[in-house]
Amino acid sequence: MAMLEIKDLEVYYGVIQAIKGISFEVNQGEVIALIGANGAGKTTTLHTITGLISPKKGSVTFEGKDITKVPAHKIVSMGMAHVPEGRRVFAELSVYENLKMGAYTRKDKSEIEESLANVYKRFPRLEERKNQMAGTLSGGEQQMLAMGRALMSRPKIILMDEPSMGLSPILVNEIFDIIRSVSESGTTVLLVEQNAKKALSIADRAYVLETGRITMEGNAKDLLEDDSIKKAYLGE
């Protein structure tokens with residue numbers, strides 16, 4: 001059984017259909033990339049999975065439970081974390097306070113401290129800046145903070161929306177190394193990313209979304225070599 005299963009999903013914004021009956025699945029331990037151009041429906045798909053948008057048709061199943069109509073905050077406590085596009089850190093709060101916000105569904109104080117120590121180990125820069133206001137961090141540091149905050153909920157699966165957006169090539173490499181290490185430590189990853197080359201280089205499998213439909217799917221390494229993908233998304 002897949003950890004996350006999306007079946008025949010249809011999503012509308014008013015009369016405009018953004019998602020047109022897509023189906024895909026994510027198995028435990030996988031890194032799955034969802035790639036596509038701007039406006040393809042990638043962010044809408046993540047928002048629907050995490051309960052921020054209600055679909056008109058179709059279902060979202062997580063660990064065998066139908067979560068299609070479950071509110072977003074309950075989905076977090078079930079073990080799903082979302083790193084939104086644009087990072088969305090709490091600018092007026094310190095780095096430490098932002099990280100503690102990520103653990104708001106948890107009650108186990110000593111284990112929360114352990115998670116905090118693990119986040120600082122993974123992101124040493126966040127520990128260096130723990131008392132700094134999040135709004136004063138660089139773009140790359142804010143991305144690390146958004147990822148660290150999501151990890152504080154101890155997710156079984158983490159959904160990341162455009163983690164490389166607006167970052168320098170060096171920072172992009174660093175962020176993707178971190179995503180790989182998050183996966184290797186046992187967290188399943190669903191990655192939405194415009195940088196198709198990077199996404200496919202760390203993913204196990206991938207789905208291509210075009211104007212609300214999945215047009216291709218397969219092993220990520222195979223898609224990296226596919227001529228139509230190279231032409232459309234890799235600039236080759």
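**Entry 1: the second largest pocket**

I began with the second largest pocket of this predicted model, and I noted a space of about 280 Å³. I then asked which residues line the second largest pocket. I listed E111, E114, S115, N118, V119, R122, L151, R154, P155, S185, G186 and T187. I looked up which helix gives the most to this lining. I found helix 4, residues 109–122, with six residues. By class, I recorded three nonpolar, five polar and four charged residues in the lining of the second largest pocket.

**Entry 2: the largest pocket**

I turned next to the largest pocket, for which I noted a space of about 530 Å³. Its lining is made of 21 residues. I asked which of these residues lie nearest the centre of the pocket. I wrote down V76, H82, P84, Y104 and R149. I also looked up the elements that each supply at least two residues of this lining, and they include helix 2 (72–77) and strand 6 (80–83). Helix 3 (95–102) and helix 6 (139–151) each do so as well. I recorded the lining of the largest pocket as 13 nonpolar, six polar and two charged residues.

**Entry 3: strand 3**

I then examined strand 3, residues 31–35, and asked whether its residues are buried or exposed. I found that five of the five are buried, so strand 3 is largely enclosed by the rest of the structure. I checked the directions of its residues: V31, A33 and I35 point one way, while I32 and L34 point the other way. The residues of both groups are buried.

I looked up the partners of strand 3. Strand 8, residues 188–192, pairs with strand 3 in the parallel sense over four bridges, and I noted L190 of strand 8 as the bridge partner of I32. Strand 9, residues 205–210, also runs parallel to strand 3 and is joined to it by four bridges. Here I noted A206 of strand 9 as the bridge partner of A33.

**Entry 4: strands 1, 4 and 5**

I closed with strand 4, residues 57–62. I asked in which sense strand 1, residues 4–13, pairs with strand 4. I found the antiparallel sense, over five bridges, with T61 of strand 4 as the bridge partner of E5. Strand 4 is also joined by two bridges to strand 5, residues 65–66, and these two strands run antiparallel. I recorded F62 opposite K65 of strand 5. In the hairpin of strand 4 and strand 5, I counted two residues between the strands, and I noted that E63 takes a positive phi near 50°.

Key: Residues are numbered from 1 along each chain as its sequence is written. This is a predicted model: local features need pLDDT of at least 70, side-chain atom pairs count only at pLDDT 80 or more; totals for chains, interfaces and linings use all residues. Side-chain values use heavy atoms; hydrogens and water are left out. Buried means under 20% relative accessible area, exposed over 50%, partly exposed in between (1.4 Å probe, protein chains only). Two strands pair if DSSP finds at least two bridges between them. On a 1 Å grid over the protein atoms alone, a cavity is a set of points where a 1.4 Å probe fits but cannot get out, and a pocket is an open set with protein on both sides within 12 Å along at least five of seven lines; lining residues have an atom within 4 Å of a point. Grid points are joined across faces, edges and corners, and a volume is the space filled by probe spheres set on the points. Ala, Val, Leu, Ile, Met, Phe, Trp, Tyr, Cys and Pro count as nonpolar, Asp, Glu, Lys and Arg as charged, and the others, Gly among them, as polar.
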